[in-house]
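Reader: I am new to this structure and would be grateful for a close look at a single part of it. Please describe that part and then place it within the whole.

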Amino acid sequence: KASGATRGWCRAERFARTTSPSQTELILIDGPDSAFFVNNMRLIHDHPLMGKFTVQNDANLLIPVVRAMVDGKIQASAVRGDYANANFWRAFRSSCLLCSSDLGVRLEPEPPPTMEQFLVDRQLLSATAAGPRGWTAMHLAACEGHMDLVRELAFSRADVNALSTGPVPEIGWSGDDMGHSPLQLACSLGSMRSALTMVPLLLELRADVHLVDSVGATPLLKSTFRTGKDLPDLVVQLLRADADLDRENRFCMTPLLATCAFCESKAMRVLLEARAAPNHVNCFNVDAVGTCALATVPKEQMREAVMLLLEARSDINVRNSPPNMLFRAMQALGTVLRALGSTNKQMELMAFCATRPTPLSMATLYNNDPLISCLLEARADADLPVMWSSSAAAYAAEHPESALAAQLRHRTELEASRNA
């Protein structure tokens with residue numbers, strides 16, 4: 001699981017399975033006796049070409065392979081009449097391939113389609129008519145980075161603020177997550193490289209930066225659920241257009257919390273300098289520091305993100321609100337899981353969220369030594385309950401092999417040497 005999130009060849013295996021003609025679910029093996037179904041949400045930022053390779057030239061070798069996999073998926077979907085899926089992969093194609101420029105590889109430019117061919121291939125009756133999922137030509141041209149087509153569509157009076165009517169199940173967006181504008185899809189689905197030029201054009205054509213989809217997400221929030229070196233520039237463009245800095249969706253996620261989920265420290269810095277609220281909590285009452293602690297990223301990257309939040313005076317001792325019935329049920333589940341000796345981290349984490357954890361607790365759950373050190377240096381309260389123990393000290397006594405125990409021992413030894 002951990003290697004699959006970063007290693008290029010592991011990502012390539014998963015991408016090959018995702019782009020195969022069949023529509024079966026993916027199963028992730030989480031341990032020797034644990035597995036669960038997963039969706040494809042991480043395709044947005046975990047495509048193979050941006051993975052880590054022992055031999056970096058391997059990424060260059062994968063470029064034509066990725067192109068062939070995506071094109072094969074488009075063709076297979078169109079053959080079986082699933083134009084909604086074919087149009088999704090057309091929209092996502094540029095995101096898969098344009099990142100190759102980050103590798104120093106220059107792809108041969110593909111000739112832009114004519115308007116007539118563009119509409120025929122995507123099963124659209126006209127420049128203004130909606131196709132599968134309510135996606136119009138403007139939605140698709142914005143995603144695919146066709147700036148000339150977007151201008152031509154605007155001249156034909158296509159609605160730059162048209163809202164889609166169907167979900168996007170390919171990347172795990174919930175079944176009621178619809179109502180996306182062309183600007184939202186350009187920020188969330190198209191290539192971030194092309195979005196840097198497409199977003200200003202859409203804004204010039206009076207795209208509404210404040211429009212929200214059916215779950216309350218703005219274009220800025222959609223963009224921050226991604227990763228990559230172009231993300232900070234994209235965030236700056238949207239903020240200059242007066243995007244809603246702290247507007248949350250119905251899950252109480254804000255742009256800052258979304259960047260924390262992937263520890264995108266440069267984008268976090270942009271948002272914090274714009275005065276984003278550092279102590280906002282999501283629907284599970286997890287704050288920005290806690291969100292960083294749950295991220296599947298290298299530990300030092302996580303530490304850098306948390307240090308930014310501490311500089312912004314984020315509360316490092318925030319806890320969940322008093323448990324409701326759901327939290328009580330999850331607490332009971334946690335008791336059962338521990339009694340059974342479960343190794344399913346996903347279920348353990350769900351149960352753990354019912355114990356009113358602090359960021360220190362979350363760092364402890366993942367044995368994250370750099371983050372524990374960072375939090376203790378910032379005077380995280382070690383007397384608050386950690387995991388299922390009465391305090392950090394109690395947990396360390398029960399688990400002397402843990403990173404928290406090692407950190408507390410080190411602090412005790414330093415204090416003793418100072419007093420000697």
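Author:
**Helix α14 and its surroundings**

Glu300 is found in helix α14, which spans residues 299-311. The model under discussion is a predicted one. With a relative accessibility of 53%, Glu300 counts as exposed, because the cut-off for that class is over 50%. In space, the C-alpha atom of Glu300 lies 9.6 Å from that of Asp369, although 69 residues separate the two in sequence.

The approach to this helix can be considered next. Ala295 has its place in the loop between α13 (288-293) and α14. Is Ala295 buried or exposed? Its relative accessible area is 10%, so Ala295 is buried; the limit for a buried residue is under 20%. Leaving aside residues up to four places away in sequence, Ala295 touches Cys260, Ala261, Cys263 and Met302. For one of these partners, Cys260, the C-alpha separation from Ala295 is 7.7 Å, across 35 residues of chain.

A further neighbour of α14 is another helix. Two packed helices are described by the angle between their axes and the distance between the axes. For helix α12 (residues 265-273) and α14, the angle is about 10° and the axes are 9 Å apart. The two helices are therefore roughly parallel to each other, since angles under 35 degrees fall in that class. On the side of α12, the contact is made by Ser265, Met268, Arg269 and Leu272, and on the side of α14 by Glu304, Ala305, Leu308 and Leu309. By type, the residues of this contact divide into 5 nonpolar, 1 polar and 2 charged.

Leu309 deserves separate attention. Not counting residues up to four places away in sequence, Leu309 touches Leu256, Cys260, Met268, Leu272, Ala288, Val289, Cys292 and Ser314. Cys260 is thus listed for Leu309 and also for Ala295. What is the size of the largest nonpolar core, and which residues have the most contacts inside it? That core has 99 residues, and those with the most contacts inside it are Leu202, Leu309 and Leu375.

Leu375 leads to helix α18 (residues 369-377), of whose 9 residues 7 are buried, so the helix is largely enclosed by the rest of the structure. The buried residues of α18 are Pro370, Leu371, Ile372, Ser373, Cys374, Leu375 and Leu376. Just after α18, Arg379 takes a positive phi of about 65°.

Leu202 leads to a second pair of helices. The axes of helix α6 (residues 147-155) and helix α8 (residues 192-204) cross at roughly 10° and come within 11 Å. That angle makes α6 roughly parallel to α8. Met147, Val150 and Arg151 of α6 make the contact with Thr197, Met198, Leu201 and Leu202 of α8. The residues of this contact comprise 5 nonpolar, 1 polar and 1 charged.

Finally, the whole may be summarised. The secondary structure of the protein comes to 20 helices and 2 strands. Of its 420 residues, 51% are buried. Among contacts between residues at least 6 apart in sequence, 68% join residues at least 24 apart. The protein exposes about 19,500 Å², of which carbon and sulfur atoms supply 55%.

Definitions and conventions: Residues are numbered from 1 along each chain as its sequence is written. This is a predicted model: local features need pLDDT of at least 70, side-chain atom pairs count only at pLDDT 80 or more; totals for chains, interfaces and linings use all residues. Side-chain values use heavy atoms; hydrogens and water are left out. A nonpolar core is a set of buried Ala, Val, Leu, Ile, Met, Phe, Trp, Tyr and Cys residues joined through side-chain atoms within 4.5 Å. Buried means under 20% relative accessible area, exposed over 50%, partly exposed in between (1.4 Å probe, protein chains only). Contact means heavy atoms within 4.5 Å. Helices (H or I, at least four residues) and strands (E, at least two) are DSSP runs, numbered from the N terminus. Accessible areas come from the Shrake-Rupley method with a 1.4 Å probe; for residues, only the protein chains shown count as cover. Axes are lines fitted to C-alpha atoms, for helices over the stretch in contact, and angles run from 0 to 180 degrees between N-to-C directions. Angles under 35 degrees count as roughly parallel, over 145 as roughly antiparallel, 65 to 115 as roughly perpendicular and the rest as oblique. Ala, Val, Leu, Ile, Met, Phe, Trp, Tyr, Cys and Pro count as nonpolar, Asp, Glu, Lys and Arg as charged, and the others, Gly among them, as polar.
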